[in-house]
Amino acid sequence: MEMHERIRDLRRNHLHLSQTAFGEKLGVSRSVINNIELNTLARPEQKLSLIKLMCREFNVREEWLLKGIEPIFVQTSFSVMEQLKEEFHLDAFAYSFVLEYLKLDVEKRNLFRYFFYNVLNGMREDNDRLKDISPEKQNSETEKTNNSDS
């Protein structure tokens with residue numbers, strides 16, 4: 001695939017943009033994009049600056065645009081988070097939760113982990129204690145625990 005074909009492929013199949021919308025994001029007209037995709041740009045010296053702009057604007061690797069060397073996109077923390085969101089079907093809360101956790105420095109992550117494990121261990125202990133009790137007594141025991149926490 002030639003460079004002009006990769007540009008068309010990027011616009012159509014990866015960014016899902018019309019020539020007009022693609023051109024607007026790059027500050028050029030639809031006809032400039034059309035000429036690039038047809039490999040008939042009147043001023044070829046424009047091409048290099050537009051390629052650099054495409055890479056910057058759409059997080060595309062210059063090696064892919066120029067030579068076809070994959071991957072297409074630069075891996076950023078944002079793109080990795082988007083992959084996690086899609087793969088694990090994260091809702092807005094889960095996405096924000098993971099992102100904010102990852103932004104913490106190591107010390108704060110360790111504190112959070114310590115807190116989280118203590119909560120989980122407390123839940124396990126409650127479940128283990130309630131396992132050996134009949135369902136009627138479980139409700140009574142749970143109520144006692146909840147009242148003593150207040």
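**Helix packing and local features of an all-helical chain**

Leaving aside residues up to four places away in sequence, E37 touches H4, I7, R8, R11 and Q19. The model is predicted. E37 sits in helix α3, which covers residues 30-37. The side chain of E37 also makes a polar contact with the side chain of R11, at 2.5 Å. E37 counts as buried because its relative accessible area is 3%, where the cut-off for buried is under 20%.

R8 is one of the residues touched by E37. R8 belongs to helix α1, which runs over residues 3-14. With a relative accessible area of 23%, R8 is partly exposed. R8 and N34 give a second view of how separate stretches of the chain meet. These two residues are 26 positions apart in sequence. In space, their C-alpha atoms are 8.9 Å apart.

The protein chain as a whole holds nine helices and zero strands. Its pattern along the sequence reads α-α-α-α-α-α-α-α-α. The chain has 150 residues, and 21% of them count as buried. Among contacts with a separation of 6 or more, 34% join residues 24 or more positions apart. The exposed area comes to about 11000 Å². Carbon and sulfur atoms supply 53% of that area.

Helix α1 was examined further. Its buried residues are M3, H4, R6, I7, D9, L10 and R11. What covers them? The cover includes α2 (19-26), α3, α4 (45-58) and α5 (62-67). Two of the buried residues, H4 and I7, are also touched by E37. General helix geometry is relevant here. An α-helix has 3.6 residues a turn, so residues three or four places apart point the same way. After α1 comes H16, which has a positive phi near 55 degrees.

D9 is a charged residue in helix α1. D9 is buried, yet it has no salt bridge. The nearest side chain of opposite charge belongs to R8, 7.7 Å away. That is beyond the salt-bridge cut-off, which requires a side-chain nitrogen of Lys or Arg within 4 Å of a carboxyl oxygen of Asp or Glu. Residues up to four places away in sequence aside, D9 touches M1, H14 and W64.

Salt bridges elsewhere come to a count of four. One of them joins the side chains of K52 and E62, with N to O at 3.3 Å. This pair links distant parts of the chain, with K52 in helix α4 and E62 in helix α5, ten residues apart. Both partners are partly exposed: K52 has 38% relative accessibility, and E62 has a relative accessible area of 27%. Another salt bridge is formed by R61 and E63, whose closest N and O atoms are 3.4 Å apart. E63 is partly exposed, at 36% relative accessible area.

K103 and E100 form a further salt bridge, with the closest N and O atoms 3.3 Å apart. Both residues lie in helix α7, residues 92-103. They are three residues apart, about one turn of the helix. Is each partner partly exposed or exposed? K103 counts as exposed because its relative accessibility is 56%, with the cut-off at over 50%. E100 is partly exposed, at 44%.

On the surface, F115, F116, Y117, V119 and M123 make a nonpolar patch of about 520 Å². Y117 lies in helix α8, residues 106-131. The relative accessible area of Y117 is 48%, which means that this residue is partly exposed.

The backbone has several features of note. Most residues other than glycine have a negative phi, and most peptide bonds are trans. N39 has a positive phi of about 60 degrees although it is not a glycine. N39 lies in the loop between α3 and α4 and is partly exposed, at 43% relative accessibility. N59, also not a glycine, has a positive phi near 55 degrees. The loop between α4 and α5 holds N59, and N59 is partly exposed with a relative accessible area of 37%. The peptide bond from E70 to P71 is cis, with omega near 10 degrees. P71 is in the loop between α5 and α6, the latter being residues 77-88.

Terms used. Residues numbered from 1 in each chain as written. Predicted model: local features only at pLDDT ≥ 70, side-chain atom pairs only at ≥ 80, totals over all residues. Heavy atoms only, no water. Helix = DSSP H or I, 4+ residues; strand = E, 2+ residues; numbered from the N terminus. Buried < 20%, exposed > 50% of the residue type's maximum accessible area, 1.4 Å probe, protein only. Polar contact = N/O pair within 3.5 Å; in protein donor to acceptor, adjacent residues only side chain to side chain. Contact = heavy atoms within 4.5 Å. Areas by Shrake-Rupley, 256 points an atom, 1.4 Å probe, with all protein chains shown as cover. Patch = residues over 30% accessible without salt bridge, like charges linked within 9 Å, V, L, I, M, F, W, Y side chains within 5 Å.
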